[in-house]
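Biologist: Thanks for sitting down with me. Could you walk me through this structure, starting with its charged pairs?

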Amino acid sequence: MSSSQGYGLLKGKKGIIFGALDERSIAWRVALACHREGAEFALSNAPIALRLGQLDALSQATGAPVIPCDVSSEEEVDKLMTAVREKYGKIDFILHAIGMSPNIRKKKEYTDLDYRFFQQSLDISAISLHKILHYATEVHDMVNDGGSVVALSYIGAQRIFSKYSDMNDAKALLESIARNYGSRLGDKKIRVNTVSQGPTMTSAGSGIKGFDGMYLFAEKLSPLGNPSADDCADYCVTLFSDLTRMVTMQNLYHDGGFSTNGISEELIADLARMYSQDDGLS
């Protein structure tokens with residue numbers, strides 16, 4: 001943003017931000033950007049993440065309460081919505097920045113997945129969006145007409161990145177749920193979109209084997225380079241604002257052009273140098 005003071009784009013708006021862990025996480029940066037733009041919100045993450053992260057510092061910086069919630073539990077999602085409704089009444093935006101793969105953590109190859117872990121990946125990373133929307137809109141009716149829901153995705157939903165393993169499938173399901181719910185909430189003018197963020201240096205990303213290579217490849221292929229977590233936060237602010245009130249059911253690529261660019265001159269030059277070196281050694 002060109003102004004550190006913000007533009008008041010979210011003044012008077014209230015919301016929930018899921019998934020902030022530490023200052024490197026995108027959800028953390030979204031929270032700071034939403035605070036800058038005048039919003040009030042609750043922060044939520046799983047109890048174990050709250051113990052491992054630094055969310056108290058973010059709470060102090062933004063004045064946001066922290067409400068633990070294991071999104072794999074319907075009961076906990078229900079309780080969270082009750083607590084948020086009691087504090088804020090109806091809300092205007094939700095950020096879903098939740099993703100976890102036990103198979104990736106355990107370095108399980110895609111062709112040799114632990115299926116119990118696979119179900120956990122889908123449940124936490126994708127089906128949780130359905131639960132959140134169900135309890136927020138159907139059970140508690142707590143999202144104002146014209147509200148906005150954004151879930152963070154990745155191009156692994158469309159293209160296969162081998163080291164991304166079962167998260168490729170989880171992101172594809174996440175995007176499908178967003179489209180399905182977006183079509184059903186249109187009568188209330190509630191928007192549901194996914195943002196397909198380019199590789200970002202976060203704590204979650206660094207846990208993926210080969211992430212450095214994925215990051216460098218995208219940096220060289222993207223005409224604008226890889227977007228930062230703060231870049232993504234500013235983009236999410238626009239989607240929460242009234243400026244994008246007619247955008248819904250979209251998977252929006254925020255990746256510096258990576259998703260559209262076929263090749264870059266820099267990559268061609270690098271490949272040419274690599275092959276010429278190989279020829280020299282042979």
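Modeller: Gladly, and please keep in mind that this is a predicted model. A good place to begin is a pair of residues that are both buried, D123 and K131. Their side chains meet in a salt bridge, with an N to O distance of 2.8 Å.

Biologist: How many salt bridges does the count come to?

Modeller: A pair enters the count when a side-chain nitrogen of Lys or Arg is within 4 Å of a carboxyl oxygen of Asp or Glu. D123 and K131, at 2.8 Å, are one such pair. By this rule the count comes to 11 salt bridges.

Biologist: How many residues apart in sequence are the parts that R29 and D230 tie together?

Modeller: The side chains of R29 and D230 meet in a salt bridge at 2.8 Å, N to O. R29 lies in helix α1 (residues 26-36) and D230 in helix α9 (residues 229-240), so the parts tied together are apart in sequence by 201 residues.

Biologist: Is D234 buried or exposed?

Modeller: D234 forms a salt bridge with R36, 2.9 Å from N to O. That pair also links distant parts of the chain, with R36 in helix α1 and D234 in helix α9, 198 residues apart. R36 is partly exposed, at a relative accessible area of 24%. Since the cut-off for buried is under 20%, the 17% relative accessible area of D234 makes D234 buried.

Biologist: Which residues do salt bridges with shared partners join into one network?

Modeller: Two of the members are the pair we just discussed, whose side chains meet at 2.9 Å. Through shared partners, the salt bridges join into one network R36, E37 and D234.

Biologist: Are α1 and α3 roughly parallel or roughly antiparallel?

Modeller: Helix α3 covers residues 55-62, and its axis is 10 Å from that of α1, at an angle of about 10°. Angles under 35 degrees count as roughly parallel. The two helices are therefore roughly parallel.

Biologist: How many charged residues are in the contact of α1 with α3?

Modeller: From α1 come W28, A31, L32 and H35, which meet L55, A57, L58, A61 and T62 in α3. By class, this contact has seven nonpolar and two polar residues, and the number of charged ones is zero: no charged residues.

Biologist: Where is H140, and which residues is H140 in contact with?

Modeller: H140 sits in the loop between α6 (115-139) and β4 (143-153). At 18% relative accessibility, H140 counts as buried. Leaving aside neighbours within four places in sequence, its contacts are D78, M81, T82, R85 and Y135.

Biologist: What separates the C-alpha atoms of V84 and M142?

Modeller: V84 is found in helix α4 (residues 74-88) and counts as buried, at 1% relative accessibility. Not counting residues up to four places away in sequence, V84 touches I16, A42, I67, G89, I91 and M142. Although V84 and M142 are 58 residues apart along the chain, their C-alpha atoms are separated by 9.0 Å.

Biologist: What radius of gyration does the protein chain have?

Modeller: The chain comes to 10 helices and six strands, and its C-alpha trace spans about 70 × 45 × 40 Å along the principal axes. Of the 282 residues, 50% count as buried. With that number of residues, a compact globule would have a radius of gyration near 19 Å, and the chain agrees, with 19 Å.

Notes: Residues numbered from 1 in each chain as written. Predicted model: local features only at pLDDT ≥ 70, side-chain atom pairs only at ≥ 80, totals over all residues. Heavy atoms only, no water. Helix = DSSP H or I, 4+ residues; strand = E, 2+ residues; numbered from the N terminus. Buried < 20%, exposed > 50% of the residue type's maximum accessible area, 1.4 Å probe, protein only. Axes fitted to C-alpha atoms, helices over the stretch in contact; angles between N-to-C directions. Parallel < 35°, antiparallel > 145°, perpendicular 65-115°, else oblique. Contact = heavy atoms within 4.5 Å. Nonpolar A, V, L, I, M, F, W, Y, C, P; charged D, E, K, R; others polar. Rg over C-alpha atoms; globule rule 2.2 N^0.38 Å.
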